[in-house]
Amino acid sequence: MSQSVEEIKSIQGKMLLQMIGALLIFTAISVVFQGVMMLTMSLGGSEASVEARQQLLEGGYTVPILVSIGAVYLILGLTQIFTGLFSFRLANRLDKVKILKIVAIIYTVVSLLQQAYLFLMNVTGALSWISAILMPGVLIWALQKNLRLAKEDPKRVYVVDPSKTVRGRQQPKKTTSLMERAKAQVKDEELAARVAGETPDGQQKQDQAHPVKYDDLEFVTAMNAASDETGEETQDR
């Protein structure tokens with residue numbers, strides 16, 4: 001039975017959700033690193049941080065604003081990590097699609113608020129809105145495919161049945177080792193020799209299966225010899 005159009009789209013959406021999840025986790029590392037660096041600079045953890053903070057203070061920023069910027073980066077990075085994990089783990093689950101939808105909405109809101117705050121603080125420009133909108137938009141678009149399939153078949157749990165996938169990935173058993181094949185070959189040769197009568201066992205079985213046949217002359221001669229021996233034994237007695 002061929003797959004429906006919605007099912008094929010959901011399989012594509014599943015793969016896309018897993019790709020987005022992995023990408024979010026990867027990009028979240030740099031976002032969290034930026035937040036940690038901003039907090040370290042705001043608190044003056046090193047001489048270089050003190051110099052950078054002094055330059056920002058001279059540019060019109062205050063320490064609370066710098067701390068808030070670092071916190072915003074951290075919040076966005078952690079949100080991306082959780083969203084990436086949920087997207088990757090729940091991409092194949094239709095029964096959890098509503099949970100994933102809520103997570104995607106939260107990530108979209110956090111991303112937009114973070115970008116709006118950084119834009120107001122003159123930390124980022126107008127082009128940075130593209131990254132703030134693009135990634136959540138692609139995530140929600142891919143999620144819609146699973147939502148449509150879940151609505152079409154409410155009892156369905158998976159986009160792709162894991163049991164079928166596991167059976168499909170099972171590889172045939174590897175060929176036997178050289179030693180095992182050599183032993184099997186020897187056994188086959190011995191069996192063939194027995195059948196052909198080339199071994200004592202085979203010859204014995206062949207003799208039992210086909211007893212020796214005597215013609216009439218040999219049979220009469222053997223009977224006469226046996227009677228002569230019997231008569232001689234009687235006279236001796």
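This is a short dialogue on reading the features of a predicted model.

Me: Where do I start, and what is the secondary structure of the protein chain?

Reply: Start with the overall count, and keep in mind that the model is predicted. The protein chain has 9 helices and 0 strands, so the order of elements from the N terminus reads α-α-α-α-α-α-α-α-α.

Me: How many of the residues in the protein chain are buried, and how much surface is accessible?

Reply: Of the 237 residues in the protein chain, 25% are buried. The accessible surface comes to about 16,900 Å², and carbon and sulfur atoms hold 63% of that area.

Me: What share of the contacts joins residues 24 or more positions apart?

Reply: Taking contacts with a separation of 6 or more, 76% are between residues 24 or more positions apart. For one pair of this kind, look at Leu-23 and Gln-80: they sit 57 residues apart in sequence, and their C-alpha atoms are 9.3 Å apart in space. Leu-23 belongs to helix H1, residues 5-43, while Gln-80 is among the buried residues of H3.

Me: Is Leu-23 buried, partly exposed or exposed?

Reply: Leu-23 counts as partly exposed, because its relative accessibility is 38%.

Me: How do I read the span of a helix, and what does H3 show?

Reply: Compare the distance from the first C-alpha to the last with the span expected at 1.5 Å a residue. H3, with 27 residues, reaches 39 Å, close to the expected 39 Å. H4 has 24 residues and reaches 35 Å, close to the expected 34 Å. H5 has 25 residues and reaches 37 Å, close to the expected 36 Å.

Me: Which residues touch the most other members of the largest nonpolar core?

Reply: That core has 28 residues, and Leu-17, Tyr-107, Leu-139 and Leu-143 touch the most other members. At least two of its residues come from each of H1, helix H3 (63-89), H4 and H5. H5 gives the largest share, 7 residues.

Me: What does Leu-17 touch?

Reply: Leaving out residues up to four places away in sequence, Leu-17 touches Ser-87, Phe-88, Ala-91, Leu-100, Leu-139, Ala-142, Leu-143 and Asn-146. You can place several of these partners in the helices: Ser-87 is one of the buried residues of H3, Leu-100 is one of those in H4, and Leu-139, Ala-142, Leu-143 and Asn-146 are among those in H5.

Me: Where is Gln-114, and is it buried or exposed?

Reply: Gln-114 is in helix H4. With a relative accessibility of 7%, Gln-114 counts as buried, because the cut-off is under 20%. Its contacts, leaving aside neighbours within four places in sequence, are Val-72, Tyr-73 and Leu-76. Those three partners are among the buried residues of H3.

Me: How do I read a salt bridge, and how many does the structure hold?

Reply: The general idea is that side chains of opposite charge can pair when their charged atoms come close. This structure holds 1 salt bridge. The side chains of Arg-93 and Asp-95 form the bridge, with 2.6 Å from N to O. Arg-93 is partly exposed at 23% relative accessibility, and Asp-95 is also partly exposed, at 39%.

Me: How many aromatic pairs are there, and which rings are involved?

Reply: There is 1 aromatic pair. The ring centres of Phe-119 and Trp-129 are 6.2 Å apart and the planes meet at 65°, so the pair is edge-to-face. The pair links distant parts of the chain, with Phe-119 in helix H4 (residues 97-120), Trp-129 in helix H5 (residues 128-152), and the two positions 10 residues apart in sequence. Phe-119 is partly exposed at 36% relative accessible area, and Trp-129 is partly exposed at 25%.

Me: What is the phi of Asn-122, and where does Asn-122 sit?

Reply: As a general guide, most residues other than glycine have a negative phi. Asn-122 has a positive phi of about 60° although it is not a glycine. Asn-122 lies in the loop between H4 and H5. At 64% relative accessibility, Asn-122 counts as exposed.

Key: Residues numbered from 1 in each chain as written. Predicted model: local features only at pLDDT ≥ 70, side-chain atom pairs only at ≥ 80, totals over all residues. Heavy atoms only, no water. Helix = DSSP H or I, 4+ residues; strand = E, 2+ residues; numbered from the N terminus. Buried < 20%, exposed > 50% of the residue type's maximum accessible area, 1.4 Å probe, protein only. Salt bridge = Lys/Arg side-chain N within 4 Å of Asp/Glu carboxyl O. Phe/Tyr/Trp six-rings, centres within 6.5 Å; stacked < 30°, edge-to-face > 60°. Core = buried A, V, L, I, M, F, W, Y, C linked by side-chain atoms within 4.5 Å. Contact = heavy atoms within 4.5 Å. Expected span 1.5 Å × (residues − 1). Areas by Shrake-Rupley, 256 points an atom, 1.4 Å probe, with all protein chains shown as cover.
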